[in-house]
Amino acid sequence: MANKLKWGIIGCAGIAKRAVIPGIQQSAYNEVAAIASRDESNAKQTAEALGIPAAYGSYEALLADSSIDAVYIPLPNHLHKEWAIKAAEAGKHILCEKPLALTAQEAAEMVDAASQAGVLLVEAFMYRYHPRYSILQDLIASGAIGEVRGIRSAFTFNNAADTANVRYRQDWGGGSIYDVGCYPISAARLLLGREPEAVTVNAMFSPAHDNVDMMASGLIEFGDSVALTFDCGMWAAFRNPLEVLGSEGIIEVPSAFITPTAESGSIFFTSGGERREIEVPHVNAYSEQADHIARAIIEGTPLAFPAADAIANMKAIDACLLSARERTRVVLPQ
């Protein structure tokens with residue numbers, strides 16, 4: 001690939017500085033050309049610290065930079081729709097943090113804006129670009145574990161003491177289902193290859209955290225008597241496992257969504273009483289995500305996860321939040 005995709009970063013969020021920007025910089029087909037913040041001094045400090053050539057004191061200024069091909073949006077959830085649509089109207093391809101929006105309707109509006117502008121819109125579920133998920137899909141499709149009987153997964157961490165965190169603003173799209181519950185939901189949809197039929201979720205809403213869901217556990221029904229059981233939380237010990245149970249075997253992924261070390265990418269397969277580790281390449285999932293997008297833009301290769309996938313994931317999230325608030329089983333339209 002002769003050219004590299006030039007990225008602009010809209011905001012100086014921790015996830016951008018800690019993981020996404022370094023991942024783009026370490027990738028083969030991309031470079032980070034600019035970063036913007038509403039606080040220009042913050043943009044300049046971040047640019048200097050991370051070796052980014054240009055810094056802007058407004059998001060609008062970055063979008064007006066004709067040298068920028070694509071933007072990454074790590075803003076709080078309630079700002080995703082506004083800035084994704086503005087980026088599309090500016091002719092920029094878009095990688096937007098998960099969850100893509102606050103509702104499936106918002107996600108649909110974002111997808112429509114990107115389509116009308118002729119740009120790509122991608123939801124930033126970096127874990128899907130790690131090669132082990134292709135291995136998981138191949139194992140399941142091969143019948144190695146027999147018929148799938150169910151999936152269990154979780155994503156929890158404890159940040160509850162930081163009460164000023166944006167995750168604890170209800171009007172900003174805070175809460176554990178939005179922040180980390182979206183991962184098990186997305187993974188189950190990916191591995192099962194179909195959409196949920198109904199959900200039942202119980203949640204702990206915390207008055208000390210603007211009544212967002214600090215912990216949630218749920219059952220997501222996928223039909224054929226197969227379901228995802230999951231929990232997610234921002235006031236619990238850290239973990240992020242995934243297990244696929246089959247009639248003849250089990251697949252275990254101890255660290256299903258983050259892979260900071262070679263060991264964290266491990267997959268274990270149990271069948272016939274024998275448990276063995278499956279060799280998995282150690283790669284930077286953020287770099288793989290960026291390169292996948294770059295190839296789609298520069299070479300025209302199809303996206304593995306079209307923007308419509310984000311709408312489907314948001315429909316499941318909408319149902320989970322409704323179920324948790326009303327303490328009832330919610331059936332999704334088919």
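**Exercise 1.** Decide whether isoleucine 35 is buried or exposed in this predicted model.

*Solution.* Start with the area. Isoleucine 35 has a relative accessible area of 0%. Buried means under 20%. Isoleucine 35 is therefore buried. Next, place the residue: isoleucine 35 belongs to strand β2, residues 30-36. Then list its contacts, leaving out residues up to four places away in sequence. Among them are Ile9, Cys12, Ile21, Ala43, Ala47, Ala55, Tyr56 and Leu62. Finally, check a residue far along the chain. Histidine 282 is 247 residues away in sequence, and the two C-alpha atoms are 28 Å apart.

**Exercise 2.** Work out the strand order of the sheet that contains β2, and name the edge strands.

*Solution.* The open sheet has 6 strands. Their order is β3-β2-β1-β4-β5-β6, with parallel pairing. At the edges stand β3 (54-56) and β6 (121-124), each of which pairs on one side only. On average, neighbouring strands are turned by 25° against each other, direction ignored. Now add a helix. Helix α2, residues 40-50, packs on this sheet and touches β2 and β3. Its direction makes about 160° with that of β3.

**Exercise 3.** Find how many bridges join β4 to β5, and name the partner of valine 71 in β5.

*Solution.* Strand β4 covers residues 70-73 and β5 covers 93-97. The two run parallel and are joined by 4 bridges. Valine 71 has isoleucine 94 as its bridge partner in β5.

**Exercise 4.** Describe how helix α1 meets helix α8.

*Solution.* Two packed helices are described by the angle and the distance between their axes. Take the distance: the axes of α1 (residues 14-26) and α8 (residues 285-298) come within 7 Å. Take the angle: the axes cross at roughly 55°. Angles of 35 to 65 degrees fall outside the parallel and perpendicular ranges and count as oblique. So α1 and α8 are oblique to each other. The crossing is right-handed. On the α1 side, Ile15, Ala19, Val20, Gly23, Ile24 and Gln26 take part, and they meet Tyr286, Ser287 and Ala290 of α8. By class, this contact has 6 nonpolar, 3 polar and no charged residues.

**Exercise 5.** List the buried residues of helix α4 and say what they pack against.

*Solution.* Helix α4 spans residues 80-89. Its buried residues are His80, Trp83, Ala84, Ile85, Ala87 and Ala88. They pack against α3 (59-63), β4, β5 and α5 (104-117). Last, look just past the helix: glycine 91 takes a positive phi of about 80°.

Key: Residues numbered from 1 in each chain as written. Predicted model: local features only at pLDDT ≥ 70, side-chain atom pairs only at ≥ 80, totals over all residues. Heavy atoms only, no water. Buried < 20%, exposed > 50% of the residue type's maximum accessible area, 1.4 Å probe, protein only. Contact = heavy atoms within 4.5 Å. Pairing = 2+ DSSP bridges. Axes fitted to C-alpha atoms, helices over the stretch in contact; angles between N-to-C directions. Parallel < 35°, antiparallel > 145°, perpendicular 65-115°, else oblique. Left-handed = near helix turned anticlockwise from the far one by under 90°. Nonpolar A, V, L, I, M, F, W, Y, C, P; charged D, E, K, R; others polar.
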